[in-house]
Amino acid sequence: MTVLTVLVIPPTLAYADDDDDDAEDIVENLGWVAVGAGIVANVPFITMNKIRRYALKTGSSTIQVAKQIRTVYKPILNFHIMLNSIGYFAGMTHGLMLSRHLDSVSLSLVIVMSVMMVSGLLLKYTSSRNSKIFGKLLHGQFGLVILLAALIVLHIVIRDD
């Protein structure tokens with residue numbers, strides 16, 4: 001892993017800081033891949049969970065909807081995890097390529113993205129009851145989601161052209 005890091009990151013950083021317009025386009029496109037992957041990964045997953053909860057609350061006739069949603073939960077969860085991972089690594093690569101222009105918004109974005117990713121990994125890969133509860137509490141915080149969205153918008157608005 002260390003060898004891969006040593007071989008990939010320095011040329012990437014040098015390439016990103018070139019005055020070449022193609023390099024800037026690649027860096028910008030990585031950022032948009034991260035944003036797009038995050039939207040596509042989260043909107044269907046959150047919508048599905050909200051519909052399932054609503055169906056369970058309303059009762060009788062909508063219980064069938066909740067049961068049908070339960071059958072597709074695992075594939076949609078895996079899709080959610082896969083696309084969020086792609087978005088996370090695209091965003092981090094985007095950030096590494098622009099590390100010379102680090103600002104407080106970008107650093108905050110890295111921290112919030114990492115917290116969300118680690119809490120999601122805790123949910124998926126831990127079996128301890130306490131770890132699951134902690135991961136669920138952290139990963140499901142609406143405030144963190146709003147903070148992440150706000151930081152992304154700020155990052156896009158204040159970027160240097």
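Two residues are said here to be in contact when heavy atoms of theirs lie within 4.5 Å. The structure is a predicted model, in which local features need pLDDT of at least 70 and side-chain atom pairs count only at pLDDT 80 or more, while totals for chains, interfaces and linings use all residues. Residues are numbered from 1 along each chain as its sequence is written, and side-chain values use heavy atoms, with hydrogens and water left out.

With that meaning of contact in hand, one can begin at Leu148, which, once its neighbours within four places in sequence are set aside, is in contact with Leu109, Val112 and Met113. These residues belong to the largest nonpolar core, whose eleven members are Tyr88, Met92, Val105, Leu109, Val112, Met113, Met116, Met117, Leu144, Leu148 and Leu151. A nonpolar core is a set of buried Ala, Val, Leu, Ile, Met, Phe, Trp, Tyr and Cys residues joined through side-chain atoms within 4.5 Å, and buried means under 20% relative accessible area, with exposed meaning over 50% and partly exposed in between (1.4 Å probe, protein chains only). The elements that give two or more residues to this core are helix H3 (63–97), helix H4 (104–125) and helix H6 (142–158), and among the contributors H4 gives the most, with six residues. In soluble globular proteins, nonpolar side chains tend to be buried together.

Stepping back to the whole protein, one finds six helices and zero strands, where helices (H or I, at least four residues) and strands (E, at least two) are DSSP runs numbered from the N terminus. Of the 161 residues in the protein, 25% are buried. The accessible surface comes to about 11000 Å², of which 68% belongs to carbon and sulfur atoms; such areas come from the Shrake-Rupley method with a 1.4 Å probe, and for residues only the protein chains shown count as cover. Among contacts between residues at least 6 apart in sequence, 68% join residues at least 24 apart.

The packing of H4 can now be followed on its two partners. Two packed helices are described by the angle between their axes and the distance between the axes. Axes are lines fitted to C-alpha atoms, for helices over the stretch in contact, and angles run from 0 to 180 degrees between N-to-C directions. The axes of H4 and H6 come within 9 Å and cross at roughly 145 degrees, and H4 passes H6 in a left-handed crossing, a term used if the near helix is turned anticlockwise from the far one by less than a right angle, with right-handed used if clockwise. On the H4 side the contact includes Val105, Leu109, Val112 and Met116, and on the H6 side it includes Leu144, Leu148, Leu151 and Ile158. By class, this contact of H4 with H6 has 14 nonpolar, three polar and no charged residues, where Ala, Val, Leu, Ile, Met, Phe, Trp, Tyr, Cys and Pro count as nonpolar, Asp, Glu, Lys and Arg as charged, and the others, Gly among them, as polar.

H4 also packs with helix H5 (residues 129–139), at an angle of about 145 degrees and with the axes 8 Å apart, and the crossing of H4 and H5 is left-handed. Among the residues that meet there are Met116, Ser119 and Leu123 in H4, and Phe134, Gly135 and His139 in H5. The residues of the contact of H4 with H5 divide into six nonpolar, four polar and three charged. Ser119, which lies in H4, counts as buried because its relative accessibility is 0%, and, leaving aside neighbours within four places in sequence, Ser119 is in contact with Gly135, Leu138 and His139. Within H5 itself, Leu137 counts as exposed because its relative accessibility is 53%, whereas Ser131 is partly exposed, with a relative accessible area of 23%.

Helix H3 offers two further residues to look at. Ala90 has its place in H3 and is buried, with a relative accessible area of 8%; not counting neighbours within four places in sequence, Ala90 is in contact with Leu30, Val33 and Ala34. Ala90 and Gly31 are 59 residues apart in sequence, and 6.7 Å separates them in space, C-alpha to C-alpha. Tyr73, which also lies in H3, counts as partly exposed at 29% relative accessibility, and, residues up to four places away in sequence not counted, Tyr73 touches Phe45, Met48 and Asn49.
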